[in-house]
Every structure is written in structure tokens, then in C-alpha cells.
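Please look through the structure below with the sequence beside it, and then read the numbered points one at a time. They are written as a colleague's note for someone new to reading structures.

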Amino acid sequence: VKFSILITVMLHARDVASRLHAENADSGSFTWLSQLRYEWNPTAKDVTVRTHGCTLSYGFEYFERTQGILITPLTERCFAHVLQAIAVYTGGALVSPDAAGKTDTLRALGHAVGRVARVLSCHPDTSPTLLHDWLCGAAATGTWVLLDDVQHLPDATLSLLATTLRSVYTALWSDAQDVTLGRHRVALRRPLACTLTYRCGALTTPRLPS
């Protein structure tokens with residue numbers, strides 16, 4: 001497994017280097033700016049991750065060895081868009097047919113920035129209380145949460161999800177230190193993120209709250 005992961009990473013690095021060389025890219029070119037770049041900040045003694053004008057602090061969280069995914073141009077675009085959304089506290093969602101790699105892509109994105117995405121697999125029996133507790137915990141600990149297959153959630157639970165996320169993100173936008181979620185006053189810890197996967201197909205219709 002170790003060698004397969006290394007080979008996958010090195011193949012992607014080779015493709016990126018070839019692309020940069022072919023385009024004669026410099027530090028201001030779009031191709032270079034669109035890559036995940038890791039920079040050491042000697043003043044803060046921290047590693048930052050930059051891409052497309054957004055900057056995130058590397059998480060240094062431990063995660064177990066995984067098989068890894070093949071990084072394609074589509075994967076790079078997903079990384080860029082979701083990271084930009086997370087950087088401005090709006091969250092991100094991947095919508096596609098079944099077995100397209102949505103969950104693995106978001107997990108790989110978390111690993112790329114040193115964050116472990118805690119996965120909650122949604123189903124029709126997922127209770128609003130469970131979802132509320134997950135979001136309160138994420139807000140209080142700065143955890144990255146991945147809600148998988150939210151199309152299974154009932155409309156009432158989806159409404160609770162939208163309302164809770166709106167409250168959390170509104171507090172983050174106003175630089176508040178805490179937020180009221182239901183009957184609880186939760187101290188916010190940054191950075192936190194909530195990402196979603198949604199399976200669309202012939203038997204499902206998009207009904208995510210705006």
C-alpha cells in the first residue's frame with residue numbers, strides 16, 4: 001500500500017511539473033497558482049496551504065494510511081473550489097451520480113491540508129438530534145465534518161441542517177466568538193468546515209435548501 005500511494009503521488013507530481021514546464025509557468029501564472037502549495041512561515045512557525053488566492057493553516061492531524069486516489073484535472077478543480085468555499089466559511093458540496101468518488105475526494109482533500117474529515121453517513125433514519133449534536137461538536141472543536149449522501153435525509157432534517165449551518169457561518173462571518181445553536185451556547189473554534197455529498201440520479205431530485 002505504501003508503494004502504491006507513493007507511485008500515485010509521484011505520477012501526479014510528474015504531470016504537474018510537465019505542465020508547468022510546457023507552459024513556461026512563473027510564480028504569477030494561473031497554472032502555478034492553481035496548485036496546492038505548502039509554505040513554511042518562520043515567524044508563526046506554521047505551515048500554510050495556498051491555492052487560488054486562499055490560504056489555510058495546515059492541520060497536522062494524524063490520519064491512518066489510506067489507499068489514496070488518482071488526482072485528475074477534475075479532482076484538482078474540486079479541491080480548488082471546495083477549499084475556496086471553506087476559506088470564506090461557506091462550506092462545500094459535491095453532487096454527482098453514484099460511485100463517482102465524491103466521498104474519497106473530500107477525504108483526500110482533508111488529508112492534503114492535514115485535516116481528518118469525520119464522516120457521518122446519512123440515511124432516512126438519521127435523527128435531527130444526532131445531526132444537531134454533530135454540528136455543535138464540529139463548531140466547538142473546529143472539526144471538519146463530511147455529511148455523506150444527504151439526499152437520504154428527510155425534508156425536516158435538511159431544513160434543520162440548513163438553519164444550523166446558516167447560524168454557524170453567520171457567526172463566523174461576523175467574527176463572533178460563540179453562537180447559539182438550539183438551547184446551547186457554543187464557543188466557536190476555527191477552522192471548521194462542513195462538506196456534503198449528494199447523489200443525483202433518475203430516482204432522486206435536488207431538494208437541498210439554498
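The points below deal with aromatic pairs, cavities, a loop residue and salt bridges in turn.

1. Please keep in mind throughout that this is a predicted model, and that the values quoted here are computed from it.

2. A search of the whole structure for aromatic pairs finds 3 of them. In one, the rings of tyrosine 58 and phenylalanine 60 have centres 4.8 Å apart and planes at 80°, so this pair is edge-to-face, since an angle over 60 degrees is what that label requires. Phenylalanine 60 counts as exposed, because its relative accessibility is 55% and the cut-off for exposed is over 50%. Ring pairs also join Tyr58 and Phe60 with Tyr38 in a cluster.

3. Another aromatic pair is made by tyrosine 169 and tryptophan 173, which are stacked, with 6.5 Å from centre to centre and 20° between the planes. The two residues are separated by about one helical turn, because they stand 4 residues apart in helix α6, which covers residues 155-173. Their surroundings can be compared by accessibility: tyrosine 169 counts as buried at 7%, whereas tryptophan 173 counts as partly exposed at 46%.

4. How many cavities of 30 Å³ or more does the structure hold? There are 2, and the largest of them encloses about 70 Å³ of space. Tyr169, already met in the stacked pair, is one of the residues lining this largest cavity, and the lining also includes Leu135, Thr143, Leu165 and Cys194. At least two lining residues come from each of α5 (128-141), α6 and β9 (193-199), and by class the lining has 10 nonpolar residues, 1 polar residue and no charged residues.

5. The second largest cavity has a volume of about 50 Å³, and its lining includes Ile86, Leu106, Trp144 and Thr195. Val145 and Ala193 are among the residues that line the largest cavity, and they are also among those that line the second largest. Here α4 (102-112), β6 (144-148) and β9 each supply at least two residues, with β6 giving the largest share, 3 residues. This lining has 8 nonpolar residues, 1 polar residue and no charged residues.

6. Is glutamine 35 buried or exposed? Glutamine 35 sits in the loop between α2 (30-33) and β1 (37-41), and it counts as buried because its relative accessible area is 8%, where buried means under 20%. Leaving aside residues up to four places away in sequence, glutamine 35 touches Val16, Arg19, Arg50, Thr51 and Glu76.

7. Three of those contact partners, Arg19, Arg50 and Glu76, appear again among the salt bridges, of which the structure holds 6. Glutamate 76 and arginine 19 meet through their side chains at 3.3 Å, N to O, and this pair links distant parts of the chain, with glutamate 76 in helix α3 (residues 73-87) and arginine 19 in helix α1 (residues 2-22), 57 residues apart. Glutamate 76 counts as buried at 16% relative accessibility, while arginine 19 is partly exposed at 28%.

8. A further salt bridge brings together the side chains of arginine 50 and glutamate 39 at 2.7 Å, N to O. Arginine 50 belongs to strand β2 (residues 46-51) and glutamate 39 to strand β1, so the pair ties together parts that are 11 residues apart in sequence. Arginine 50, at 29% relative accessibility, counts as partly exposed, and glutamate 39, at 32%, counts as partly exposed too.

Conventions: Residues are numbered from 1 along each chain as its sequence is written. Side-chain values use heavy atoms; hydrogens and water are left out. Rings of Phe, Tyr and Trp (its six-membered ring) pair if their centres lie within 6.5 Å; planes under 30 degrees apart count as stacked, over 60 as edge-to-face and the rest as tilted. Buried means under 20% relative accessible area, exposed over 50%, partly exposed in between (1.4 Å probe, protein chains only). On a 1 Å grid over the protein atoms alone, a cavity is a set of points where a 1.4 Å probe fits but cannot get out, and a pocket is an open set with protein on both sides within 12 Å along at least five of seven lines; lining residues have an atom within 4 Å of a point. Grid points are joined across faces, edges and corners, and a volume is the space filled by probe spheres set on the points. Ala, Val, Leu, Ile, Met, Phe, Trp, Tyr, Cys and Pro count as nonpolar, Asp, Glu, Lys and Arg as charged, and the others, Gly among them, as polar. Contact means heavy atoms within 4.5 Å. A salt bridge is a side-chain nitrogen of Lys or Arg within 4 Å of a carboxyl oxygen of Asp or Glu.
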